[in-house]
Amino acid sequence: QYVQSPSNRMAAEGALLELTAIPRMVSEAIDCTRSMGVPYLLVDRLCIIQHDAFTRSATLRRMHRVYMNAYFTTVAAS
């Protein structure tokens, strides 16, 4: 039996729709992205594998490409 890892489950189309406790900032970012017709949204806490230091580091080294090609960016800060 094949068991999906958390990262595989998140890669599936509509995966965020299954989350029951989406933080308000993420929910608002999804709404904003949809309303602007932007096809993608990157939420680092969901899209960057946090528990694997090697994978996280490799992903972070490429993030300049994501930001360079972004329509817009938002930051959640307290």
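**Close-up 1. A nonpolar patch on the surface brings together Met36, Tyr71 and Phe72.** Taken together, these three residues offer about 370 Å² of accessible area. Keep in mind as you look around that this is a predicted model. To find Phe72, go to the segment that comes after helix H5 (63–68). Phe72 has a relative accessibility of 35%, so it counts as partly exposed.

**Close-up 2. Thr33 is a buried residue that touches Phe72.** Here we stay with Phe72 but turn to one of its partners. Thr33 has its place in helix H2, which covers residues 24–35. With a relative accessible area of 6%, Thr33 falls under the 20% cut-off and is therefore buried. Which residues does Thr33 touch, leaving aside those up to four places away in sequence? They are Val38, Tyr40, Leu41 and Phe72. Phe72 thus appears in two of our views: it belongs to the nonpolar patch with Met36 and Tyr71, and it is in contact with Thr33.

**Close-up 3. Arg24 and Glu28 form a salt bridge.** The structure holds one salt bridge, and this view shows it: the closest N and O atoms of Arg24 and Glu28 are 2.8 Å apart. Side chains of opposite charge can pair when their charged atoms come close. Both residues sit in helix H2, and because they are four residues apart there, about one helical turn separates them. How accessible are the two partners? Arg24, at 65% relative accessibility, counts as exposed, while Glu28, at 41%, counts as partly exposed.

How values were computed: Residues numbered from 1 in each chain as written. Predicted model: local features only at pLDDT ≥ 70, side-chain atom pairs only at ≥ 80, totals over all residues. Heavy atoms only, no water. Patch = residues over 30% accessible without salt bridge, like charges linked within 9 Å, V, L, I, M, F, W, Y side chains within 5 Å. Areas by Shrake-Rupley, 256 points an atom, 1.4 Å probe, with all protein chains shown as cover. Salt bridge = Lys/Arg side-chain N within 4 Å of Asp/Glu carboxyl O. Helix = DSSP H or I, 4+ residues; strand = E, 2+ residues; numbered from the N terminus. Buried < 20%, exposed > 50% of the residue type's maximum accessible area, 1.4 Å probe, protein only. Contact = heavy atoms within 4.5 Å.
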